[in-house]
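This report describes one protein model, moving from its open spaces to its sheet and then to some local details. Please keep the sequence and the three-dimensional view at hand while reading.

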Amino acid sequence: MADGTLFCALHGTLELHPWYDPATVDADPYILFHARSQTCRWLAAPDDGRPEAGLWGMNDAGLDPLGEGSRRLWFQVSQQSLARPRRAVPAQQMLDCAGAVADRVGRLDLEAAQLLVPLQDLPPGPDEGAYGDLVSALPWFAEIPAQSRTAVVVSLDSGASAEVADAAPAMANRLLQIHQRVFTDITAVPGPDAARGLTPRVPDFTAAEPEGHRATFEGHLAEWSYEAIGWLMAFVCEAAIEQGVRVPVVATVRLSPRPGG
């Protein structure tokens, strides 16, 4: 993939709506994601690279054949130029759009979500404002009932680079320092990969060896929703960014295995 590419994948079991036929439908996932992005004013016009023009430009999207692999929907965009003070990684916005498309085409029993984030494209020097974006979103999750809390595992993988693995202890400390109630009971888990078994893998991302170059954390998410998943992805990415990680990473958020499962 070209530099600046954000790639989102949704994994799980998808039951298409009776009225949605991929072979004849007018609004495919590309058109739906484009429309949702434009409605939310996150879509930049072609060839408009100004940071204020939007969060991304549209590249591609698709619906995977049912019965093949675990991935059901995928979306690819080009991230806009980053201004300073830098905003948080746009994971919450990407997952919001992806989830809206999933709801349009069918009923997706979401098992996991993934996002490729090109951290190498960040501007040099210290960043400001990114955590402000995360904190400003906290009131949206304030009144979620306790019974909605869901056990999840989140991995941040840097592929062939050891940058994330090296930063993992400091990342864990940083996650615990931020006062928030969206992702709680945080525990660093050495070794496991939330992306294990998810297919197909993120395109053009060099996977690590089995021991992995990743940081993995378990905890409880305020709710199993696209917005909360996106917030968690951005939260973990920002912890890595603070530790100087500047390579492409894949964030994977997955439901924790049920006991005995």
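In sorting residues by class, Ala, Val, Leu, Ile, Met, Phe, Trp, Tyr, Cys and Pro count as nonpolar, Asp, Glu, Lys and Arg count as charged, and the others, Gly among them, count as polar. The model discussed here is a predicted one.

**The largest pocket and the largest cavity**

By the classes just given, the lining of the largest pocket divides into 7 nonpolar, 2 polar and 7 charged residues. This pocket has a volume of about 400 Å³. Its lining consists of 16 residues, and those nearest the centre are Glu 111, Arg 254, Leu 255, Ser 256 and Pro 257. At least two lining residues come from each of strand E4 (106-118), strand E5 (150-157) and strand E8 (248-255). Strand E4 provides the largest share, with 3 residues.

The structure also holds 1 cavity of 30 Å³ or more. About 100 Å³ of space lies within the largest cavity. Among the residues that line the largest cavity are Gln 114, Asp 157, Asp 193, Arg 201, Phe 205 and Thr 252. The two linings are set out by class below.

| Space | Nonpolar | Polar | Charged |
|---|---|---|---|
| Largest pocket | 7 residues | 2 residues | 7 residues |
| Largest cavity | 5 residues | 2 residues | 3 residues |

**The sheet and the helices packed on it**

Strands of a sheet pair through backbone hydrogen bonds, either parallel or antiparallel. In this model, 8 strands form an open sheet with antiparallel pairing, in the order E2-E3-E1-E4-E8-E5-E7-E6. Which strands stand at the edges? They are strand E2 (56-63) and strand E6 (183-188); each has a single partner strand, so one side of each is left without a neighbour in the sheet. From one strand to the next, the twist averages 20°.

At one of these edges, E6 is joined by 4 bridges to strand E7 (residues 214-221), and the two run antiparallel. Within this pairing, Thr 187 has Glu 218 in E7 as its bridge partner.

Helix H1 (residues 29-39) packs on the sheet, where it touches E2 and strand E3 (71-79). The direction of H1 makes about 145° with that of E2. Helix H5 (residues 226-242) also packs on the sheet, in contact with strand E1 (5-16), E4, E5, E6, E7 and E8. The direction of H5 makes about 20° with that of E4.

**Aromatic pairs**

Across the whole structure, 5 aromatic pairs are found. One of these is formed by Phe 33 and Phe 75, which are stacked, with 4.8 Å from centre to centre and 25° between the planes. This pair links distant parts of the chain, since Phe 33 belongs to helix H1 and Phe 75 to strand E3, 42 residues apart.

**Backbone details**

Most residues other than glycine have a negative phi, and most peptide bonds are trans. Two places in this model may be read against that background. Arg 41, although not a glycine, has a positive phi of about 65°. Arg 41 is located in the loop between H1 and E2. A cis peptide bond joins Thr 199 and Pro 200, with omega about -10°. Pro 200 lies in the loop between E6 and E7.

Methods: Residues numbered from 1 in each chain as written. Predicted model: local features only at pLDDT ≥ 70, side-chain atom pairs only at ≥ 80, totals over all residues. Heavy atoms only, no water. 1 Å grid on protein atoms, 1.4 Å probe; cavity = no way out; pocket = protein on both sides within 12 Å on 5 of 7 lines; lining within 4 Å. Points joined across faces, edges and corners; volume = space filled by probe spheres on them. Pairing = 2+ DSSP bridges. Axes fitted to C-alpha atoms, helices over the stretch in contact; angles between N-to-C directions. Contact = heavy atoms within 4.5 Å. Phe/Tyr/Trp six-rings, centres within 6.5 Å; stacked < 30°, edge-to-face > 60°.
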